[in-house]
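Colleague: Could you take a close look at how the aromatic and charged side chains hold on to each other in this model? I would like to know which partners meet, and where they sit.

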Amino acid sequence: MTTLFSGVWQADNTALHHQLTQLQNIALQEFDIEISINKMLADISYRQLVLSELAQLKHHKITDIINWLNNPKTNTTHPKKSVSGVLIAVVACVFLTLTAFLFINTSDSNNPPLPSTQKATQATSVIAPPKSSAGEVAQVMAPIKVIEKPAKLLFSLHGSNTIGEKLAPRLLEGFLIEQGASELTWQQGEKPVERQLTFTLNNEKHYVDLQAHGSSTAFLGLAEHSADMGMSSRRIKEIELKGLQSTSGKLDGVGNEHIIGLDALAIIVNQNNPVKQLSTQTLAKIFSGEINNWSQIGGSDQVIKLFARDTHSGTWDTFKNLVLKKHDLSLASSAQRFESSSKLSTQVSQNEGAIGFIGLNYVLHNKALAISATKETNAIYPTRFTVSTEDYPLSRRLYFYTPTNATDTVKEFAHYAISAQGQNIVANTGLVSQNIQLEQAYPLENAPEQYNQYTQTAKRLSLNFRFDYATKDLDNKGKRDLQRLVEFMEQHVGRRIVLMGFSDSVGAKLKNKNLALQRAKSVERALTSRGIPVLSVEALGEALPIANNDTEEGRMRNRRVEVWLL
């Protein structure tokens with residue numbers, strides 16, 4: 001990460017304060033961006049976010065200041081040495097040099113000539129222990145050369161570019177600083193998506209290896225033992241799970257699979273494009289090339305240009321499964337592929353006929369479209385709340401995978417990522433945190449009566465409980481969310497919870513309603529056993545689908561328990 005400042009941030013550092021003031025003034029005057037100097041000094045996450053975003057503006061003065069911050073060793077001012085001190089040092093050096101020169105010449109006059117190699121050896125031995133006037137050996141201090149030991153590898157983290165470009169670096173910095181590390185410095189590798197974070201911990205130099213070539217490389221790295229930890233923007237596949245079980249353990253278990261945040265595949269178009277929403281079916285036809293002009297779907301008469309992530313990307317894999325495969329279509333050969341999310345986003349912003357899919361935090365200067373899963377479901381925009389509840393059709397989870405035999409440090413880092421502190425960093429990078437928020441809900445025309453009644457008196461929490469396939473057992477995210485909900489309720493003493501159970505539409509309505517009730521009851525038991533009271537449990541069955549019931553993925557999303565707070 002090029003914007004990390006590895007020096008000491010202190011309020012009484014005059015030079016630092018001057019540079020930050022300049023940065024603050026330029027950002028405000030030329031870009032209308034407000035920066036808090038005090039927060040820059042006190043909050044490393046805020047500081048890194050500000051510097052990262054400002055660097056993208058490519059403003060020459062801002063770039064100069066950021067470069068100054070990135071190279072503290074060359075920019076730090078040191079107290080001037082006194083003139084007398086300098087003169088004394090110079091005189092001492094001259095005196096020692098003349099003494100050595102005279103002593104060597106005297107010795108040479110009393111001894112026969114030696115071969116050059118022997119003469120050099122003897123000269124060195126004479127200078128090292130010169131005799132004083134009393135005949136004793138004088139104690140002359142030889143210069144001390146500090147030999148730095150090479151940095152030790154702490155661990156390697158490979159995989160998703162969506163995670164590795166911004167989120168993983170900031171999680172690593174926050175974690176290492178909490179561990180007491182200092183002198184954190186990023187070094188660019190041979191390729192743009194390869195970096196090393198060097199730091200000092202317990203008086204020793206260490207580094208973390210970060211490579212973000214795509215989600216599939218997470219599992220390849222674990223298989224080849226070149227990675228100690230994998231990062232993925234999709235869940236591990238069955239074939240990967242089986243292939244790694246003998247060496248890495250059960251990677252889909254709650255102890256090895258860590259949902260570190262939520263993201264969404266934002267469908268982005270140029271801001272000048274008048275189109276506002278699409279169904280996944282129309283989206284599939286666009287990216288397969290069946291629809292190739294915006295005028296075919298209500299836009300201007302302009303050729304559609306397709307931009308897609310590369311084949312190693314978890315973003316591509318998610319889009320392929322949620323959009324193209326769902327409608328038995330394939331990506332058009334005319335689509336331009338990108339390894340970098342940022343570059344794809346930039347290309348869309350510079351081309352009025354473009355469309356692309358990207359992680360939510362890479363929308364940048366583009367427009368995100370509302371997406372509907374089917375003609376029967378409402379088009380939903382990707383917002384923090386709709387992604388957090390996973391109501392948005394193209395929501396996805398972001399993962400860290402740690403082998404069962406991973407080191408304590410690797411496991412501690414994974415735990416830090418899912419903690420409240422780590423989730424704050426997730427939010428600061430533009431992704432969606434799993435920390436619980438409240439949201440006002442509104443009555444819906446096609447909603448059951450009891451649902452609309454609760455919208456008048458209760459607020460909805462930003463989480464849904466979901467379940468493992470064909471079971472009443474909570475999935476890994478649900479198991480973690482239970483603890484988050486317990487901690488949330490401890491801060492809202494006196495409030496009461498309402499649980500609403502939903503099902504898919506496969507089978508008889510009465511049976512589906514009973515299944516929805518059973519799942520909501522299982523969540524109720526888990527909460528009451530932890531001391532959290534539940535006021536009411538409602539079974540709404542197959543009402544209010546948020547996904548397509550014609551696919552297993554869609555049915556799993558519809559089988560959910562919503563949490564409301566009175």
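Modeller: Happy to; what follows goes through the ring pairs and then the charged pairs.

The model is predicted, so to speak with care: local features need pLDDT of at least 70, side-chain atom pairs count only at pLDDT 80 or more, and totals for chains, interfaces and linings use all residues. Residues are numbered from 1 along each chain as its sequence is written, and side-chain values use heavy atoms, without hydrogens and water.

Let me begin with the rings. Searching the whole structure gives 12 aromatic pairs (Phe, Tyr or six-membered Trp rings with centres within 6.5 Å; stacked if the planes are under 30 degrees apart, edge-to-face if over 60, otherwise tilted). One of them joins Phe-307 and Phe-338, whose ring centres are 5.8 Å apart with planes at 50°, so this pair is tilted. Phe-307 belongs to strand 8 (residues 305-309) and Phe-338 to strand 9 (residues 336-338), so the contact bridges distant parts of the chain, 31 residues apart (strands are DSSP E runs of at least two residues, helices H or I runs of at least four, numbered from the N terminus). Phe-307 has a relative accessibility of 4% and therefore counts as buried; Phe-338, at 10%, is buried as well (buried is under 20% relative accessible area, exposed over 50%, partly exposed in between, with a 1.4 Å probe and protein chains only).

Another pair to look at is Phe-400 with Phe-413, which is also tilted: the centres are 5.5 Å apart and the angle between the planes is 35°. Here a strand meets a helix, because Phe-400 lies in strand 13 (residues 395-401) and Phe-413 in helix 15 (residues 408-418); the pair thus ties together parts that are 13 residues apart in sequence. Phe-400 and Phe-413 are both buried. The pair also belongs to something wider, since ring pairs connect Phe-155, Phe-175, Phe-400, Phe-413 and Tyr-416 into a cluster.

Back at strand 8, there is a charged residue to add to the picture of Phe-338. Arg-309 is in strand 8, and with 1% relative accessibility it counts as buried. A polar atom of the Arg-309 side chain lies 3.2 Å from the backbone oxygen of Phe-338. The Arg-309 side chain also reaches the backbone oxygen of Glu-339, at 2.9 Å. So strand 8 carries both Phe-307, whose ring pairs with that of Phe-338, and Arg-309, whose side chain lies by the Phe-338 backbone oxygen at the distance of 3.2 Å.

Now for the charged pairs. The whole structure holds 22 salt bridges (a side-chain nitrogen of Lys or Arg within 4 Å of a carboxyl oxygen of Asp or Glu). Strand 13 comes up again here: Arg-396 forms a salt bridge with Asp-263, with the closest N and O atoms 2.9 Å apart. Arg-396 is in strand 13 and Asp-263 in strand 6, so the pair ties together parts 133 residues apart in sequence. Both partners, Arg-396 and Asp-263, are buried.

Strand 6 (residues 257-269) is also the place of Leu-265, which is buried with a relative accessible area of 0%. The C-alpha atom of Leu-265 is separated by 9.5 Å from that of Ala-368, 103 residues apart from it along the chain.

A more local case is Asp-481 with Lys-477, a salt bridge whose closest N and O atoms are 2.6 Å apart. Both residues lie in helix 18 (residues 476-490), four residues apart, which is about one turn of the helix. Asp-481 is buried, and Lys-477 is too.

Which residues meet in a salt bridge of 3.0 Å, N to O, between side chains of Glu and Arg? These are Glu-552 and Arg-559. Their surroundings are worth setting side by side: Glu-552 is partly exposed, with a relative accessibility of 27%, whereas Arg-559 counts as buried at 11%. Finally, salt bridges with shared partners join Arg-234, Lys-237, Glu-240, Asp-317 and Lys-320 into one network.

Terms used. A polar contact is a pair of N or O atoms within 3.5 Å; within protein, one must be able to donate a hydrogen and the other to accept it, and residues adjacent in sequence count only if both atoms are side-chain atoms.
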